[in-house]
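Biologist: Got a minute to go through this one with me? I'd like to start broad and then get into the details.

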Amino acid sequence: METLPYDPARLAQRAAEIVANTRELSALGWTPATSSNFSMRLDDRHAAITVSGRDKGRLTEADIMVVDFAGQPVATAHRPSAETLLHTQLYARYPDIGCVLHTHSRTQTVSSRLFAGQGHVRLEGYELLKAFAGNQTHEMAIDVPVLPNT
Ligand SMILES: [Zn+2]
């Protein structure tokens, strides 16, 4: 039997979490067609990520694969999302990041088009700003960068 370079039990657990979260986000309409991609850190070298080209509202655990932090498939013939390196670069650079949920909601799509010229979307005075770690007040602003799609 082949020895896998990651823990298959951990993959099964992470895959179940990704499927549950993805169905919830898809039900909100945030993953139109086969857009969006989702991943979770497996260990300090691997991540579980959605297979390319799947309808995120109909995912099963078989639609989750393993990649290394260079974005290469590990022990699978599946092809990962075209945006895999966005995920794996975050895991490689920030050890405290445990998952990446990349959606295509109408709000973020329209906002990014609307604010592309100024280079950021300013969130200011919203009660929900308190959701950011270490922030105690809504009386502040956060600029979310808008980057070109390359
Ligand atoms: Zn995308």
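Modeller: Sure, here is a walk through the fold, the metal site, the pockets and two odd backbone spots.

Modeller: Keep in mind that this is a predicted model, where local features need pLDDT of at least 70 and side-chain atom pairs count only at pLDDT 80 or more, while totals for chains, interfaces and linings use all residues. Residues are numbered from 1 along each chain as its sequence is written, and side-chain values use heavy atoms, with hydrogens and water left out.

Biologist: Ok, how many helices and strands are in the protein chain?

Modeller: The protein chain has 3 helices and 6 strands, in the order α-β-β-β-α-β-α-β-β along the sequence. Those are DSSP runs numbered from the N terminus, with helices being H or I of at least four residues and strands E of at least two.

Biologist: And which domains does the assignment give?

Modeller: Domain 1 (8–104) and domain 2 (107–145); the bounds come from an automatic or database domain assignment. Their centres, taken over C-alpha atoms, are 25 Å apart.

Biologist: Now the metal. What coordinates the zinc ion?

Modeller: Glu83 (OE) appears twice, joined by His102 (NE2) and His104 (NE2), at 2.0 to 2.6 Å. Donors here are N, O and S atoms within 2.8 Å of the metal (3.2 Å for Na, K and Ca), and water is not among the atoms, so sites may look incomplete.

Biologist: How are the donor residues spaced in sequence?

Modeller: The spacing is E-x18-H-x1-H. Glutamate 83 sits in the loop between strand S3 (64–68) and H2, and histidine 102 is in strand S4, so the pair ties together parts that are 19 residues apart in sequence.

Biologist: What about the angles at the site of the zinc ion?

Modeller: They run from 49 to 159 degrees among the 4 donor atoms, and the site is irregular. For reference, four donors are tetrahedral if all angles lie between 85 and 135 degrees; four are square planar and six octahedral if opposite donors are over 155 degrees apart and all others between 65 and 115; anything else is irregular.

Biologist: Switching to pockets: where does the largest pocket lie?

Modeller: Both domain 1 and domain 2 give residues to its lining, so the largest pocket lies between them. It holds about 1300 Å³ of space, and of its 30 lining residues the closest to the centre are His102, Gln108, Ser112, Pro145 and Leu147.

Biologist: How do you define a pocket and its volume?

Modeller: On a 1 Å grid over the protein atoms alone, a pocket is an open set of points with protein on both sides within 12 Å along at least five of seven lines, and lining residues have an atom within 4 Å of a point. Points are joined across faces, edges and corners, and the volume is the space filled by probe spheres set on them.

Biologist: And what lines the second largest pocket?

Modeller: Leu25, Trp30, Leu101, Thr103 and Gln108, around about 180 Å³ of space.

Biologist: Last topic: what's odd about the backbone at alanine 33?

Modeller: Alanine 33 has a positive phi of about 50 degrees although it is not a glycine. Most residues other than glycine have a negative phi. Serine 36 also has a positive phi, near 80 degrees.

Biologist: Is serine 36 buried or exposed?

Modeller: Serine 36 is buried, at 4% relative accessible area, whereas alanine 33 is exposed at 66%. Buried means under 20%, exposed over 50% and partly exposed in between, with a 1.4 Å probe and protein chains only.

Conventions
1 Å grid on protein atoms, 1.4 Å probe; cavity = no way out; pocket = protein on both sides within 12 Å on 5 of 7 lines; lining within 4 Å.
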